[in-house]
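Student: I'm new to this one and would like a close look at a single part. Could you pick a spot, walk me through what surrounds it, and then work outwards from there?

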Amino acid sequence: GADALEKLKDQRAHLILCDQQMERMTGLDLLNQIRNHPYLADIPFIVLSVVSEAPVIETALDLGAADYLLKPVDFRALRESVSEVIRRRFA
């Protein structure tokens, strides 16, 4: 997460797919920092996780995650989520 944040400051992404459980910084921590960074705040962010507790999912969505997909991720669900993010982004 910390490494990703530093890399994003140098090389902006069009979409972030991020695991919730990472070393040193959770996916929600990364999402929160991205949403509070003026250069990165508008990048669509999809969380992928084995964590299925409603409060975690609600927090991710409240922080501005475009979607929250449970692992193992179904390829069709991921494709639909990414397509929806792109459609909203360029609508």
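Tutor: Let's start at Arg-35. Setting aside the neighbours within four places in sequence, Arg-35 is in contact with Leu-40, Ala-41, Asp-42, Ile-43, Pro-44, Phe-45, Leu-63 and Gly-64. Keep in mind as we go that this is a predicted model. Arg-35 itself is found in helix α2, and at 21% relative accessibility it counts as partly exposed. For a sense of distance, take Val-51: Arg-35 and Val-51 are 16 residues apart in sequence, and their C-alpha atoms are 21 Å apart in space.

Now step to the residue just before it in the numbering, Ile-34. Once the neighbours within four places in sequence are left aside, Ile-34 is in contact with Leu-5, Leu-8, Ile-16, Leu-40, Ala-41 and Phe-45. Compare that list with the one for Arg-35: Leu-40, Ala-41 and Phe-45 turn up in both. Ile-34 also belongs to the largest nonpolar core, which has 18 residues; Ile-16, Leu-30, Ile-34 and Phe-45 are the ones that touch the most other members. Five elements give two or more residues each to this core: α1 (2-10), β1 (16-19), α2 (27-35), β2 (45-49) and α3 (54-62). Helix α2 provides the largest share, four residues. There is also a second, separate core of six residues, and Ile-46, Leu-48, Leu-69 and Val-85 are among them. As a bit of background, nonpolar side chains tend to be buried together in soluble globular proteins.

Back to the contacts of Arg-35, because one of them, Asp-42, opens up a charged corner. The side chains of Asp-42 and Arg-12 meet in a salt bridge, with N and O 2.7 Å apart. Asp-42 sits in the loop between α2 and β2, while Arg-12 sits in the loop between α1 and β1, so this pair ties together parts that are 30 residues apart in sequence. Both partners count as partly exposed: Asp-42 at 43% relative accessibility and Arg-12 at 29%. The pairing doesn't stop with those two, either, since Arg-12, Asp-42 and Arg-89 are linked in a network of salt bridges. Arg-12 has one more thing to show you: it lies over the face of Tyr-39, at 5.5 Å from the ring centre. If you go looking for paired aromatic rings, though, a search of the whole structure finds zero.

How many salt bridges are there in the whole structure? The search finds seven. In general terms, side chains of opposite charge can pair when their charged atoms come close. Two further examples sit inside helices. Lys-9 forms a salt bridge with Glu-6, with 3.4 Å between the closest N and O atoms. These two are three residues apart in helix α1, which means about one helical turn separates them. Lys-9 is partly exposed, with a relative accessible area of 35%, and Glu-6 is partly exposed too, at 45%. The other example is Glu-84 with Arg-87, whose closest N and O atoms are 2.5 Å apart. They are also three residues apart, this time in helix α4 (residues 75-89), so again the separation is about one helical turn. Glu-84 is partly exposed, with a relative accessible area of 30%.

While you're on helix α4, have a look at Ser-81, which lies in it. Ser-81 is buried, with a relative accessible area of 5%. Leaving aside neighbours within four places in sequence, its contacts are Ile-46, Asp-67 and Leu-69. Two of those names, Ile-46 and Leu-69, should be familiar from the second core.

Finally, zoom out to the chain as a whole. Its secondary structure comes to four helices and three strands, and along the sequence they follow the pattern α-β-α-β-α-β-α. Along its principal axes, the C-alpha trace spans about 35 × 30 × 20 Å. With 91 residues, a compact globule would have a radius of gyration near 12 Å, and the chain has 13 Å, which agrees. Of the 91 residues, 33% count as buried. Contacts tell a story about sequence distance as well: of those with a separation of 6 or more, 54% are between residues 24 or more positions apart.

How values were computed: Residues numbered from 1 in each chain as written. Predicted model: local features only at pLDDT ≥ 70, side-chain atom pairs only at ≥ 80, totals over all residues. Heavy atoms only, no water. Phe/Tyr/Trp six-rings, centres within 6.5 Å; stacked < 30°, edge-to-face > 60°. Lys NZ or Arg CZ within 6 Å of the ring centre and 35° of its normal. Core = buried A, V, L, I, M, F, W, Y, C linked by side-chain atoms within 4.5 Å. Buried < 20%, exposed > 50% of the residue type's maximum accessible area, 1.4 Å probe, protein only. Contact = heavy atoms within 4.5 Å. Salt bridge = Lys/Arg side-chain N within 4 Å of Asp/Glu carboxyl O. Rg over C-alpha atoms; globule rule 2.2 N^0.38 Å.
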